[in-house]
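Please open the model in your viewer, show the backbone as a cartoon, and keep the selection tool at hand. The tour moves from the whole chain to single residues, and each stop says what to select and what is there.

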Amino acid sequence: RGYGMIEIRSFTTTSGEKLVLVSETGGVPQVTFHQNDLSVFTYTKNKKLIPSNKKVLPAIDETIFMKPGIPDSVKKFIMNNSNMAFDLSEEKLMLSLNSDYLLNNEVSRKWLKGDVVYFDWIKDRFVIGEIVNSLN
């Protein structure tokens, strides 16, 4: 069964500005589940949400999970079978591969640093924190 989900979370900048992160994910878990949209808004003093052009997240893709020296064939396999999505429900912002298929495959698992990345909120932006293996 497929489903969609919208998560909303707010963060405060060092200047006191309120930023609202809206994450839309959907699909069929462990089949094709992915990030549909991730938007940043400013919550104004007039209690309005205005789209923000602030870059609060680093540019990332599946390579963040891969060990150096990964063969191109394995890299392509991981890129084609991942279902990356953000999770705003944890204390720290989290990005996961969402693929039991990759984690249960010996070849791909050998070349993965982990399947979950936590982000730290530092100086008004998210920075890449710990990369962990959720199966350990």
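What follows is a walk through a predicted model, beginning with the overall view and ending at the aromatic rings.

**The whole chain**

With everything displayed, begin by tracing the protein through its three helices and eight strands. From the N terminus on, these elements follow the order β-β-β-β-α-β-β-α-α-β-β. If you orient the view along the principal axes, the C-alpha atoms fill a box of roughly 55 × 35 × 25 Å.

Next, colour the chain by accessibility: of the 136 residues in the protein, 37% are buried. Switching to a surface display shows an accessible surface of about 8400 Å², and 51% of that surface belongs to carbon and sulfur atoms. If you then mark the charged side chains, you will find 17 positive and 16 negative charges, whose mean positions are 6 Å apart. As for contacts with a separation of 6 or more, residues 24 or more positions apart account for 45% of them.

**The hairpin of β1 and β2**

Now select strand β1, residues 3–12, together with strand β2, residues 18–28. The two strands run antiparallel and are joined by ten bridges. To see one pairing in detail, pick G4, whose bridge partner in β2 is G26.

Move on to the turn of this hairpin, where five residues lie between the strands and where G16 takes a positive phi near 90°. Two other residues to select here are T13 and S15, and both have their place in the loop between β1 and β2. Are they buried or exposed? T13 counts as buried at 5% relative accessibility, whereas S15 counts as exposed at 63%.

Display the surroundings of T13 and, leaving aside residues up to four places away in sequence, you will see that T13 touches L19 and D124. For S15, a distance label drawn to Y43 is a useful guide: these residues are 28 residues apart along the chain, and their C-alpha atoms are separated by 13 Å.

**Strands β5, β6 and β7**

Leave the hairpin and select strand β6, residues 93–96, with side chains shown. L93 and L95 point one way from this strand, M94 and S96 point the other way, and all are buried.

Add strand β5, residues 85–87, and you will see a hairpin that joins β5 to β6 through five residues. These strands run antiparallel, with three bridges between them, and F86 has L95 as its bridge partner in β6.

Then add strand β7, residues 116–122. β6 and β7 also run antiparallel, joined by four bridges, and the bridge partner of M94 in β7 is Y118.

**The aromatic rings**

For the last stop, hide everything but the aromatic side chains. A pair of aromatic rings is described by the distance of the centres and the angle of the planes. With centres within 6.5 Å as the rule for a pair, the count comes to five aromatic pairs.

Start with F11 and W121, whose ring centres are 5.1 Å apart and whose planes meet at 35°, so the pair is tilted. Since tilted pairs are those with planes neither under 30 degrees nor over 60 degrees apart, the 35° of F11 and W121 falls in that class. F11 lies in strand β1 and W121 in strand β7, so the pair ties together parts that are 110 residues apart in sequence. F11 is buried, with a relative accessible area of 11%, while W121 counts as partly exposed at 26% relative accessibility.

Then select F86 and F119: their ring centres are 6.0 Å apart and their planes lie at 40°, so this pair is tilted as well. F86 belongs to β5 and F119 to β7, so the pair ties together parts that are 33 residues apart in sequence. Both residues count as buried, F86 at 12% relative accessibility and F119 at 1%.

To finish, return to F11 and W121 and add F126 to the selection, for these residues form one aromatic cluster.

Terms used:
Residues are numbered from 1 along each chain as its sequence is written. This is a predicted model: local features need pLDDT of at least 70, side-chain atom pairs count only at pLDDT 80 or more; totals for chains, interfaces and linings use all residues. Side-chain values use heavy atoms; hydrogens and water are left out. Buried means under 20% relative accessible area, exposed over 50%, partly exposed in between (1.4 Å probe, protein chains only). Contact means heavy atoms within 4.5 Å. Accessible areas come from the Shrake-Rupley method with a 1.4 Å probe; for residues, only the protein chains shown count as cover. Lys and Arg count as positive and Asp and Glu as negative; His and the chain ends are not counted. The place of a charge is taken as NZ of Lys, CZ of Arg, CG of Asp or CD of Glu. Two strands pair if DSSP finds at least two bridges between them.
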